[in-house]
Amino acid sequence: GFIDKERFDPNAWLRLASSLLQWTTHRLTTDAMARYVLSVLGVPADAFHTLRVLYIWHNPPMPVFLLHGLREILRPEHVVDFPRYEGFYEPASWSGGQGSRPIVDPGTKGTNYLSARWSLRRTPVFAEGEAAVFAALRKQEFDFVIFGRLPSDPSEGLLPVEQLALDSMPKRSLVLVDASDHMPVTLRNWTSRVGTTFKYNLPDKCW
């Protein structure tokens, strides 16, 4: 492209750029995404400090944005991600010296194009590890369970933690967030099993 110097209005450009930045700040940040999800779920802001969330997700990077936002606006020790993917967390501290830096798991997909600002802070959580997560589910100690992983094949089995969440938690506390670009054949079945469903992308024919 090019700029027509005769027609270019720097003041109009500045107004447009400012409005776009403001829209991005209020709508496209991870904490704005998390606030929107919680508002749809009917969670008032004064309940954020006590809300407990289990975030069940998978390796591809899209689900990390909502997880990051939840850990920003809620108490991070109350947001339990399971399974945990270490590659999305801030690097652990290491002593100086050649070869001492910890190696990031190469199996963590998508970290090569994520900004460092989306790295998850390393904080303790109230349910650490599989046994603690399963026990908290059985006791219904989570206010919400968010499924960030949608099996795309009807024959694909559920993870044990997914099955336990479906069996233990009330339907209104179950939330699905589908980040796939297409409409998975399993989406309709899953929406009938959870209380609320969020879809990142819709095909044109849905409009």
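Start by selecting Leu14, which counts as partly exposed because its relative accessibility is 49%. The model on screen is a predicted one. Leu14 is found in helix α1, which covers residues 10-27. Now add Ile3, Phe8 and Trp13 to the selection: together with Leu14 they form a nonpolar patch on the surface. The accessible area of these four residues together is about 450 Å².

**Aromatic pairs**

The structure holds seven aromatic pairs. Two of them are visited here.

Select Tyr36 and Phe198. The ring centres of Tyr36 and Phe198 are 6.3 Å apart and the planes stand at 70 degrees, so this pair is edge-to-face; the cut-off for that class is an angle over 60 degrees. The pair links distant parts of the chain, with Tyr36 in helix α2 (residues 30-40) and Phe198 in strand β5 (residues 196-199), 162 residues apart. Is each partner buried or exposed? Tyr36 counts as exposed, because its relative accessibility is 51% and the exposed class begins over 50%. Phe198 counts as buried, at 12% relative accessibility.

Next, select Trp57 and Tyr85. Here the ring centres lie 5.3 Å apart and the planes are at 85 degrees, so Trp57 and Tyr85 are also an edge-to-face pair. This pair, too, links distant parts of the chain: Trp57 is in the loop between β1 (53-56) and α3 (64-73), and Tyr85 is in the loop between β2 (79-82) and α4 (130-138). Along the chain, Trp57 and Tyr85 are 28 residues apart. Trp57 counts as buried, with a relative accessibility of 0%.

Keep Trp57 and Tyr85 selected and add Tyr55 and Phe88. Ring pairs link these four residues, Tyr55, Trp57, Tyr85 and Phe88, into a cluster.

**Charges over rings**

Two arginines come next. Select Arg52 with Phe126: the charged end of Arg52 sits over the ring of Phe126, 3.9 Å from the ring centre. Then select Arg193 with Trp190. Arg193 lies over the face of Trp190, and the distance to the ring centre is 5.7 Å.

**Salt bridges**

How many salt bridges does the structure hold? The structure holds five. Select Glu72 and Arg121 to see one of them, in which the closest N and O atoms are 3.8 Å apart. Glu72 and Arg121 link distant parts of the chain: Glu72 is in helix α3 and Arg121 is in the loop between β2 and α4, 49 residues apart. Glu72 is partly exposed, at 42% relative accessible area, and Arg121 is partly exposed as well, at 37%.

Move to Glu77 and Arg75. Their side chains meet in a salt bridge, with an N to O distance of 2.9 Å. Glu77 counts as partly exposed, at 24% relative accessibility. Arg75 is partly exposed, with a relative accessible area of 39%.

Now select Arg84 and Asp81. Arg84 forms a salt bridge with Asp81, and the closest N and O atoms are 3.8 Å apart. Which of the terms buried and partly exposed applies to Arg84, and which to Asp81? Arg84 is partly exposed, because its relative accessible area is 28%. Asp81 counts as buried, because its relative accessibility is 3% and the buried class lies under 20%. Add Glu128 to the selection: salt bridges that share partners join Asp81, Arg84 and Glu128 into one network.

**Asp178 and Thr191**

Select Asp178, in strand β4 (residues 174-178). Asp178 is buried, with a relative accessible area of 2%. What does the side chain of Asp178 contact? It makes a polar contact with the side chain of Lys199, at 3.2 Å.

The last stop is Thr191, in helix α6 (residues 187-191). Thr191 is partly exposed, with a relative accessible area of 33%. Show the backbone of Arg188 as well: the side chain of Thr191 reaches the backbone oxygen of Arg188 at 2.7 Å. Finally, select the C-alpha atoms of Thr191 and Leu174. These atoms are separated by 9.9 Å, and the two residues are 17 residues apart along the chain.

How values were computed:
Residues numbered from 1 in each chain as written. Predicted model: local features only at pLDDT ≥ 70, side-chain atom pairs only at ≥ 80, totals over all residues. Heavy atoms only, no water. Patch = residues over 30% accessible without salt bridge, like charges linked within 9 Å, V, L, I, M, F, W, Y side chains within 5 Å. Areas by Shrake-Rupley, 256 points an atom, 1.4 Å probe, with all protein chains shown as cover. Helix = DSSP H or I, 4+ residues; strand = E, 2+ residues; numbered from the N terminus. Buried < 20%, exposed > 50% of the residue type's maximum accessible area, 1.4 Å probe, protein only. Phe/Tyr/Trp six-rings, centres within 6.5 Å; stacked < 30°, edge-to-face > 60°. Lys NZ or Arg CZ within 6 Å of the ring centre and 35° of its normal. Polar contact = N/O pair within 3.5 Å; in protein donor to acceptor, adjacent residues only side chain to side chain.
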